[in-house]
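Work through the exercises below with the sequence and coordinates open. Try each task before reading its solution.

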Amino acid sequence: MKKRILVIFGILILIAIGFFISKKNNLNPNYEVGQKIDELNGVLVYYNGGVGNVNGRRLAEDGYNLGLKYQCVEFVKRYYYKQLNHKMPDTYGHAKDFFDSNLKDGEKNKQRNLNQFTNPSKSKPKTNDLVVYSGTTLNKYGHVSIISNVTENEIEIIQQNPGPFGKSREKFDLILEDGKWRIDNDRILGWLRK
């Protein structure tokens, strides 16, 4: 009985070690960390390898904190800074922290100086909206992306750091129910807009 418990415990330790190594290391031989993989309106998306990989901090020329290199937050902040000429008052925080659950649909998120919409919302998502995702067991920090295209029944997002084998673009169904627009993804808390 003791031997069986030790074997199970050993296997669990190996799984945990493998998980943490995969979050920090590049497991995809098709890309190198820092490689340009996509762009939206001239703002580049870089490959990051494992979601926990960090390559230092990126600052704008004026010293504004864009975030940790190649993380999802760094891309959306860089996009808003370069494309929309927007600086967020609170330049720190994890991805999921971009969404303030104390706000009502359409209210101003003062930390980001953006209007915040819940999922679902009376306001239909628009191109350039910043989408905020909740954390998960495997990624407690959450995720953020930018809406790159909106149709009547679908949105396309562009993202940085979706994982070593994730894609920079994904599509989600957009559903109108009872006068509210819902992006069909249970992790999406809502979206922010300038």
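**Exercise 1.** How many helices and strands are there in the chain?

Solution. The model is predicted: local features need pLDDT of at least 70, side-chain atom pairs count only at pLDDT 80 or more, and totals for chains, interfaces and linings use all residues. Residues are numbered from 1 along each chain as its sequence is written, and side-chain values use heavy atoms, without hydrogens and water. Take the DSSP runs, numbered from the N terminus: helices are H or I with at least four residues, strands are E with at least two. The chain has 2 helices and 12 strands. Along the sequence they follow α-β-β-β-β-α-β-β-β-β-β-β-β-β.

**Exercise 2.** Give the strand order of the open sheet, then find its edge strands.

Solution. Strands pair if DSSP finds at least two bridges between them. The order of the 8 strands is β5-β6-β12-β7-β8-β9-β10-β11, with antiparallel pairing. The edges are β5 (108–109) and β11 (180–183), each paired on one side only. Now check one pairing. Strand β10 (residues 169–177) runs antiparallel to β11, joined by 4 bridges. L176 has W181 of β11 as its bridge partner.

**Exercise 3.** Which strands does helix α2 lie across?

Solution. Helix α2 spans residues 72–84. It lies across β6 (114–118), β7 (130–133), β8 (143–150), β9 (154–158) and β12 (188–193). Its angle to β8 is about 50 degrees. Axes are lines fitted to C-alpha atoms, for helices over the stretch in contact; angles run from 0 to 180 degrees between N-to-C directions. Contact means heavy atoms within 4.5 Å.

**Exercise 4.** What percentage of the chain's residues is buried?

Solution. Buried means under 20% relative accessible area (1.4 Å probe, protein chains only). Of the 194 residues, 41% are buried.

Terms used:
Buried means under 20% relative accessible area, exposed over 50%, partly exposed in between (1.4 Å probe, protein chains only).
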